[in-house]
Amino acid sequence: MNFVKHLELEGLHAPFSASSSAWLRYDDEKAIQVYNNKKATEMGTRLHAWAKETIDLGIKQPRSNKTLCAYVNDAIGYRMSTEVVLYYSDYFFGTADAISFRNGVLRIHDLKTGNVGKIEHHMEQLEVYAALFCLEYKIKPGEIKMELRVYKNDEVLVHTPTAEDILPIMDKIKHLNKLLESLEYKEG
């Protein structure tokens, strides 16, 4: 048998693929919800790419409370780097949307698009980025100031964590990393 080669689809995953067959149990409403969520994720990926390019090129947007405009303008104004990987180990790393560290102030900004969940989870994500930054660059969180921002739904949410917020996250990362390294070593 000569199989048809679908070269344009190689490496891609269908929204409803055989490898994730839970959709067999979806009713129409759930199928539409899952499909719409996948489309929103794709749009979010495109918006992040556009924002990164716009920031990197220094193209200011019209003054506005709109999420994208505020995010782009603030990142340009604070001279932030975009899509920066913060690395502690192969088990613990992440990519900050926008980050800067100068004059003893760490800024991390996160762009949220589409339907976004609870703000506490987003700030926790940014605190993990701050912990990863401190671990990677060997900076004591008590010796710097931090400002974490989430841009979503046409508002900017600001959090100024303290060392007491970040140190337990750093400790958890170090503890779990040792645990996983030990497990990996035992398994050979």
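## Fold, strand pairing and salt bridges of a predicted model

The secondary structure of the protein chain comes to four helices and five strands, and the coordinates discussed here are those of a predicted model. Read along the sequence, these elements follow the pattern α-α-β-β-β-α-β-β-α. The radius of gyration of the protein chain is 20 Å, well over the 16 Å that the globule rule gives for 188 residues, so the chain is more spread out than a compact globule. Along its principal axes, the C-alpha trace spans about 65 × 55 × 30 Å. Buried residues make up 33% of the 188 residues in the protein chain, while the area that the chain exposes is about 12,700 Å², of which carbon and sulfur atoms supply 54%. Among contacts between residues at least 6 apart in sequence, 54% join residues that are at least 24 apart.

### Strands β2, β3 and β4

Strand β3 pairs with two other strands, and the sense of pairing can be given for each. With strand β2 (residues 93–102), β3 pairs in the antiparallel sense over five bridges, and within this arrangement Phe101 stands opposite Leu106 in β3. The hairpin of β2 and β3 has two residues between the strands, and in this hairpin Asn103 takes a positive phi near 55 degrees. With β4, on the other hand, β3 pairs in the parallel sense over seven bridges, and the bridge partner of Asp110 in β4 is Val150. Six of the seven residues of β3 are buried, so this strand is largely enclosed by the rest of the structure.

Ser100, which lies in strand β2, gives a residue-level view of these surroundings. Ser100 is buried, with a relative accessible area of 7%. Leaving aside its neighbours within four places in sequence, Ser100 is in contact with Tyr78, Arg79 and Met80, and also with Val105, Leu106 and Arg107.

### Salt bridges

A search of the whole structure finds seven salt bridges, and the table lists some of them with the separation of nitrogen and oxygen.

| Salt bridge | N to O separation |
|---|---|
| Glu42 and Lys39 | 3.8 Å |
| Arg107 and Glu147 | 2.7 Å |
| Lys112 and Asp110 | 2.8 Å |

The salt bridge of Lys112 and Asp110, with N and O 2.8 Å apart, involves two buried residues: Lys112 has a relative accessible area of 15%, and is buried because that value is under 20%, whereas the relative accessible area of Asp110, also buried, is 2%. Elsewhere, salt bridges that share partners join Asp74, Arg107, Glu147 and Arg149 into one network.

Within that network, Arg107 forms a salt bridge with Glu147, the closest N and O atoms being 2.7 Å apart. Arg107 lies in strand β3 (residues 105–111) and Glu147 in strand β4 (residues 145–152), so the pair ties together parts that are 40 residues apart in sequence. Both Arg107 and Glu147 are buried.

The bridge between Glu42 and Lys39 has a local setting, since the two residues are three apart in helix α1 (residues 28–57) and are thus separated by about one helical turn. An α-helix has 3.6 residues a turn, so residues three or four places apart point the same way. Glu42 counts as partly exposed at 45% relative accessibility, and Lys39 is likewise partly exposed, with a relative accessible area of 40%.

### Helix α4

How far apart are the end C-alpha atoms of helix α4 (residues 163–187)? They are 36 Å apart, which agrees with the 36 Å that its 25 residues should span at 1.5 Å a residue. The buried residues of α4 are Ala163, Ile166, Ile169, Met170, Ile173 and Asn177.

Asp165 is also found in helix α4, but at 30% relative accessibility this residue counts as partly exposed. Leaving aside its neighbours within four places in sequence, Asp165 is in contact with Glu127 and His159. The C-alpha atoms of Asp165 and Glu155, although these residues are ten apart along the chain, are separated by 23 Å.

Definitions and conventions
Residues are numbered from 1 along each chain as its sequence is written. This is a predicted model: local features need pLDDT of at least 70, side-chain atom pairs count only at pLDDT 80 or more; totals for chains, interfaces and linings use all residues. Side-chain values use heavy atoms; hydrogens and water are left out. The expected span of a helix is 1.5 Å times one less than its number of residues. Buried means under 20% relative accessible area, exposed over 50%, partly exposed in between (1.4 Å probe, protein chains only). A salt bridge is a side-chain nitrogen of Lys or Arg within 4 Å of a carboxyl oxygen of Asp or Glu. Two strands pair if DSSP finds at least two bridges between them. The radius of gyration is taken over C-alpha atoms; the globule rule is 2.2 Å times the number of residues to the power 0.38. Contact means heavy atoms within 4.5 Å. Accessible areas come from the Shrake-Rupley method with a 1.4 Å probe; for residues, only the protein chains shown count as cover.
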